[in-house]
Amino acid sequence: MRPPDPTRSDLIVLSHLRWNFVWQRPQHLISRMANARRTWFVEEPLPSGGVERPILRSAETDGITRVWLEVPTGAHHLDFGDPGTECYATALGELLEDATSPWVWMYTPMALEIAQQMRPSLLIYDVMDDLAAFKNASATMVLRQHQAIAVADVVFAGGRSLFEKVRKHRDETAYLFPSGVEPEHYACARAHKMRHERPVAGYVGVIDERLDLELIDGLARVLPDWDVHLVGPVAKLEGVPLPDRPNIKWFGQQRYEDLPRLMGGFDVALMPFALNASTRSISPTKTLEYLAAGLPVVSTRIPDVVTDYASVVDLQDDADGFARACRNVYDHSLEERDLKIDPLLRFHHWDSVAPRMEELIAAAAESQVVSESVTPIVLDDDARSSAAPG
């Protein structure tokens with residue numbers, strides 16, 4: 001990794017996701033952009049029973065500096081700006097007081113106030129999810145989301161459905177950038193491929209309200225001769241019973257480096273998403289990851305999956321349909337599938353996506369510099385009257 005260029009603007013990222021959680025869109029993009037500039041990844045406040053007053057923490061990892069505020073509270077989750085976190089902006093400003101013409105990049109609209117207090121030379125909003133539709137979303141999330149879309153200098157949307165929502169509030173400087181993939185990383189799964197006595201249908205990702213747990217339970221029931229592997233952390237499902245059958249195996253959160261090996265143990269990859277408000281605008285990153293791993297994919301009819309991947313994904317509606325599809329795709333030709341997906345994997349490679357996004361950001365930054373260098377002409381009332389159309 002080359003050292004950051006001191007002549008480039010620093011990058012301050014405000015995120016609802018923690019850097020050391022599941023490795024996904026923010027980590028892929030920001031780790032690449034951090035190669036050339038100082039980068040701070042600022043996370044939501046962290047509730048903690050181990051501190052008596054708010055304390056700002058930081059840690060160096062993966063070429064970036066993680067920053068988070070530990071707050072003495074029993075709450076399970078805190079947004080930027082929640083009661084008890086008022087000192088976050090001040091403490092952050094002191095830590096980053098020497099930041100050079102910072103670009104501020106938001107992943108949550110709840111960070112808008114702090115973002116503006118950082119006095120950014122450029123404000124970027126990457127809309128990777130419709131957070132207002134998620135479980136336990138703040139009542140002010142919708143308003144903040146509209147405000148963030150309106151005031152940001154550059155807006156990205158992580159999927160086609162999200163982009164259509166963004167365009168209702170902003171026509172210009174909004175760009176569609178579906179999440180990408182590292183094909184070479186997941187291709188390693190092919191080396192681990194093996195036939196099992198019992199076939200395996202597997203899912204990798206966060207297990208939360210976006211998954212159809214009844215479908216997963218039903219699939220395990222109607223495929224008793226198969227195993228169902230669920231790989232990933234369980235989140236926001238407190239009090240919700242999880243599927244519990246002898247052929248369902250839970251693997252918990254795994255390191256990004258270990259995912260190809262685990263996927264190599266799958267015969268079919270699953271995307272058993274519920275069709276609800278929280279999934280209406282998602283564009284699952286795992287679609288390309290599964291395909292890069294050489295796996296046939298069975299999914300519910302998520303709008304973006306239907307639009308973008310219907311030719312390479314088997315779309316089904318319920319547990320019986322998923323079971324039939326798993327049996328049907330079990331022996332599908334990998335060579336034929338690769339012919340269809342290779343162009344997709346090349347175009348959506350994160351090494352290609354990140355530079356295209358950064359080019360648009362740099363162009364917006366240059367435009368800002370040009371506009372600021374133009375001396376404005378101030379008209380007095382008489383001049384305004386004479387300049388007005390007759």
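The buried residues of helix 11 pack against strand 10, helix 7, strand 13, strand 14 (297-299) and strand 15. In this predicted model, helix 11 covers residues 319-329, and its buried residues are Ala319, Gly321, Phe322, Ala323, Ala325, Cys326 and Val329.

The strands that helix 11 meets lead to a sheet. Strands 10, 13, 14 and 15 belong to an open sheet of 6 strands, whose order is 12-11-10-13-14-15 and whose pairing is parallel. At its edges stand strand 12 (248-252) and strand 15 (314-315), each of which pairs on one side only. Within the sheet, strand 10 (residues 200-204) is joined to strand 11 (residues 227-231) by 5 bridges in the parallel sense. One position in this pairing places alanine 201 opposite valine 228 of strand 11. Helix 7 (residues 213-222) also packs on the sheet, where it touches strand 11, strand 12 and strand 13 (268-271). The direction of helix 7 makes about 150 degrees with that of strand 11. Helix 7 is thus named twice in this region: it packs on the sheet, and the buried residues of helix 11 pack against it.

Strand 6 (residues 103-106) offers a second example of parallel pairing. Strand 1 (residues 11-15) pairs with strand 6 in the parallel sense over 4 bridges, and isoleucine 12 stands opposite valine 104. Strand 6 also pairs with strand 7 (residues 122-127), again in the parallel sense and over 4 bridges. Here valine 104 stands opposite leucine 123 of strand 7. What is the state of the two faces of strand 6, covered or open? In a regular strand, side chains alternate between the two faces of the sheet. In strand 6, Trp103 and Trp105 lie on one side and Val104 and Met106 on the other; these residues are all buried, and both faces are covered.

Two individual residues show how buried positions are surrounded. Threonine 85 is located in the loop between strand 5 (64-72) and helix 2 (88-95). Is this loop residue buried or exposed? Threonine 85 counts as buried because its relative accessibility is 3%, and the limit for a buried residue is under 20%. A polar atom of the threonine 85 side chain lies 2.6 Å from the backbone oxygen of aspartate 82. Leaving aside residues up to four places away in sequence, threonine 85 touches Pro45, Leu69, Val71, Leu78, Asp79 and Phe80.

Leucine 162 belongs to helix 5 (residues 160-167). With a relative accessible area of 2%, leucine 162 is buried. Not counting residues up to four places away in sequence, leucine 162 touches Val127, Met128, Asp129, Asp130, Ala157 and Ser281. Of these, serine 281 is 119 residues from leucine 162 along the chain, yet the two C-alpha atoms are separated by 5.3 Å.

Two loop residues are of interest for their backbone geometry. Most residues other than glycine have a negative phi, and most peptide bonds are trans. Aspartate 62, in the loop between strand 4 (55-61) and strand 5, has a positive phi near 55 degrees. Aspartate 62 is partly exposed, at a relative accessible area of 41%. Lysine 236 lies in the loop between strand 11 and strand 12, and its phi is likewise positive, near 60 degrees. Lysine 236 is partly exposed too, with a relative accessible area of 26%.

The cysteines raise a separate point. How many disulfides does a search of the whole structure find? The search finds 0. A disulfide is a covalent bond between the sulfur atoms of two cysteines. Cysteine 87 counts as partly exposed at 32% relative accessibility, and cysteine 188 is partly exposed at 40%, whereas Cys326 is among the buried residues of helix 11.

The protein as a whole can now be considered. Its secondary structure comes to 14 helices and 15 strands. Of its 390 residues, 52% count as buried. Among contacts with a separation of 6 or more, 70% come from residues 24 or more positions apart. The C-alpha trace spans about 85 × 55 × 45 Å along its principal axes. The radius of gyration is 23 Å, which agrees with the value near 21 Å for a compact globule of 390 residues.

How values were computed: Residues are numbered from 1 along each chain as its sequence is written. This is a predicted model: local features need pLDDT of at least 70, side-chain atom pairs count only at pLDDT 80 or more; totals for chains, interfaces and linings use all residues. Side-chain values use heavy atoms; hydrogens and water are left out. Buried means under 20% relative accessible area, exposed over 50%, partly exposed in between (1.4 Å probe, protein chains only). A polar contact is a pair of N or O atoms within 3.5 Å; within protein, one must be able to donate a hydrogen and the other to accept it, and residues adjacent in sequence count only if both atoms are side-chain atoms. Contact means heavy atoms within 4.5 Å. A disulfide is a pair of cysteine sulfur atoms within 2.5 Å. Two strands pair if DSSP finds at least two bridges between them. Axes are lines fitted to C-alpha atoms, for helices over the stretch in contact, and angles run from 0 to 180 degrees between N-to-C directions. The radius of gyration is taken over C-alpha atoms; the globule rule is 2.2 Å times the number of residues to the power 0.38.
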